[in-house]
Structures are given as C-alpha cells and as structure tokens.
Amino acid sequence: IRGDKGAGKSRLLCQLINAFAGKLYRVAFLSLEMGIHSAITQRYKSEYVSPANLKRIDITDTVPDYDQLNAICKKYDVVAIDSWTKLRGMDQTDFDRLQKENPNTIIISIFQSTTSKVTRGGNMPEYDASVVIHVHTGGVAECEKNRFAPTTVTYSVFTKKITSSEVVENA
C-alpha cells in the first residue's frame with residue numbers, strides 16, 4: 001500500500017487486518033508509524049476492527065530487526081506493517097527476501113510516497129509485490145497491480161465501498 005499523505009493508508013490497512021482476521025487468519029500488526037497507544041491507533045482499531053476479530057490480532061510497536069521480522073512472519077498468517085520506512089537497518093531488497101523466505105505468509109506493508117507519487121526510497125518493492133494499492137487523497141484506493149485478478153475497481157476507504165468497476169484494457 002502506498003499513497004498520498006493523509007489519504008487513508010492506515011485506515012485501509014486496519015480494514016484489511018480486520019478482513020483477514022475475520023477469515024480466521026492469525027494477524028500480526030506492527031503499528032510503527034503511530035504506536036499502539038496513540039489515540040489514532042485506538043480510534044482506528046475501534047472503527048475498523050470488530051471485537052470478535054481482536055482475539056486473532058496481535059499488535060506491537062516494537063521495531064524488529066530482519067531476523068525478528070522473519071520470525072514474526074513464520075508465526076503468523078498475515079503480517080501488516082505501518083510503515084516499512086520505520087523498520088531500521090532494512091532496505092528494499094529485504095522485502096523480497098522476506099516474501100521468498102515466507103511463501104505462506106501474507107505480508108502487507110505501507111510504503112510512503114514521494115510528491116511524485118512513487119515509493120519513497122525507490123520502487124523495487126512494487127516490482128516484487130503481488131499487489132500494489134495506491135490510496136489517493138480523499139481515500140480512493142486503486143489497485144495498480146494485481147497478479148491474482150484484474151485491476152478494474154476502486155475502493156473508498158472512508159465509506160468502505162467499491163466505487164467503480166470500469167474495465168481496464170491491457171495495452
């Protein structure tokens with residue numbers, strides 16, 4: 001996930017965490033951007049995560065090194081990171097390595113965007129990721145890459161609804 005400042009990236013991440021937990025996946029949420037005790041994290045948790053799903057979600061704001069993050073990926077079905085730039089001592093190649101070492105783990109991470117709407121630090125993770133979602137100002141999430149399905153819909157993070165389903169032709 002990448003997107004504009006204040007567009008709703010963390011909100012979308014919380015909605016995805018809830019969806020996976022609702023499907024009985026065990027989820028680790030690394031709340032590195034805001035911390036687990038921040039008012040925003042607490043509000044997003046109450047707004048976007050159902051109480052029944054909380055028992056399948058472990059939340060931390062402890063910044064792991066690569067080996068610790070790799071161990072987390074081996075323990076959980078889904079690992080959600082807000083945000084990758086807060087991980088210390090890791091670069092973009094570590095994202096691909098982490099995915100390859102944990103093929104059965106779904107890794108969802110927020111990558112910050114530059115003003116040019118590209119991933120801060122380079123776009124290597126976008127080439128390695130299976131899905132890339134850009135959240136535009138106003139909370140419109142657009143799937144720019146999806147190896148599993150067509151990228152033909154947009155989603156409103158704030159209303160939690162699909163907002164269009166235009167057919168996108170491949171060039």
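Buried means under 20% relative accessible area, exposed means over 50%, and partly exposed is whatever falls in between. Keep those cut-offs handy for the exercises below, and bear in mind that the model is predicted.

**Exercise 1. Get an overview of the chain: work out its secondary structure, its burial and its contacts.**

Start with the elements: the chain has five helices and ten strands. Next, burial: 44% of the 171 residues count as buried. Then the surface: the accessible area of the chain is about 9,400 Å², and carbon and sulfur atoms hold 53% of that. Last, the contacts: among those with a separation of 6 or more, 63% are between residues 24 or more positions apart.

**Exercise 2. Sort Arg11, Glu47 and Arg43 by burial, then find how they are linked.**

Step one is to hold each value against the cut-offs. Arg11 has a relative accessible area of 17%, so it goes in the buried bin. Glu47 comes in at 37%, which makes it partly exposed. Arg43, at 36%, is partly exposed too.

Step two is to look for pairs. A salt bridge needs a side-chain nitrogen of Lys or Arg within 4 Å of a carboxyl oxygen of Asp or Glu. Arg11 and Glu47 pass, with their closest N and O atoms 3.8 Å apart. Arg11 sits in helix H1 (residues 9–22) and Glu47 in helix H2 (residues 39–48), so this pair ties together parts that are 36 residues apart in sequence.

Step three: check Glu47 against Arg43. They also form a salt bridge, and here the closest N and O atoms are 3.3 Å apart. Both residues are in helix H2, four residues apart, which puts about one helical turn between them.

Put the steps together and you get a network of salt bridges that links Arg11, Arg43 and Glu47.

**Exercise 3. Describe the salt bridge between Asp94 and Arg97, and say how many salt bridges there are in total.**

Begin with the distance: the closest N and O atoms of Asp94 and Arg97 are 3.1 Å apart. Now place the pair: both are in helix H4, three residues apart, so about one helical turn separates them. On burial, Asp94 is buried at 9% relative accessibility, while Arg97 is partly exposed at 39%. As for the total, the count is six salt bridges.

**Exercise 4. Trace the chain from strand S4 to strand S5 and give the handedness of the crossover.**

First, the pairing: S4 (residues 78–82) and S5 (residues 106–109) run parallel, with four bridges between them. For a landmark, take Val79, whose bridge partner in S5 is Ile107. Then follow the path: the chain leaves S4, passes through helix H4 (residues 92–101) and arrives at S5, giving a right-handed β-α-β crossover.

**Exercise 5. Walk from strand S7 through S8 to S9, and finish at Ser156.**

S7 (residues 131–136) and S8 (residues 140–146) are antiparallel and joined by six bridges. One of the places to see this is Val135, which has Ala141 as its bridge partner in S8. The two strands make a hairpin with three residues between them, and in the turn Gly138 has a positive phi of about 95°.

Moving on, S8 pairs with S9 in the antiparallel sense over three bridges. Here the landmark is Glu142, with Thr154 as its bridge partner in S9.

That brings us to Ser156, which lies in strand S9 (residues 154–156). Ser156 has 9% relative accessibility, so it counts as buried. Skip the neighbours within four places in sequence, and Ser156 is in contact with Gly139, Lys161 and Thr163.

**Exercise 6. Check the structure for disulfides, then say whether Cys14 and Cys73 are buried or exposed.**

The test for a disulfide is a pair of cysteine sulfur atoms within 2.5 Å. Run over the whole structure, the search finds zero disulfides. For the burial part, go back to the opening cut-offs: Cys14 has a relative accessible area of 6% and is buried. Cys73 is buried as well, with a value of 1%.

Terms used: Residues numbered from 1 in each chain as written. Predicted model: local features only at pLDDT ≥ 70, side-chain atom pairs only at ≥ 80, totals over all residues. Heavy atoms only, no water. Buried < 20%, exposed > 50% of the residue type's maximum accessible area, 1.4 Å probe, protein only. Pairing = 2+ DSSP bridges. Right-handed = clockwise from strand over helix to strand, strands pointing away. Contact = heavy atoms within 4.5 Å. Areas by Shrake-Rupley, 256 points an atom, 1.4 Å probe, with all protein chains shown as cover.
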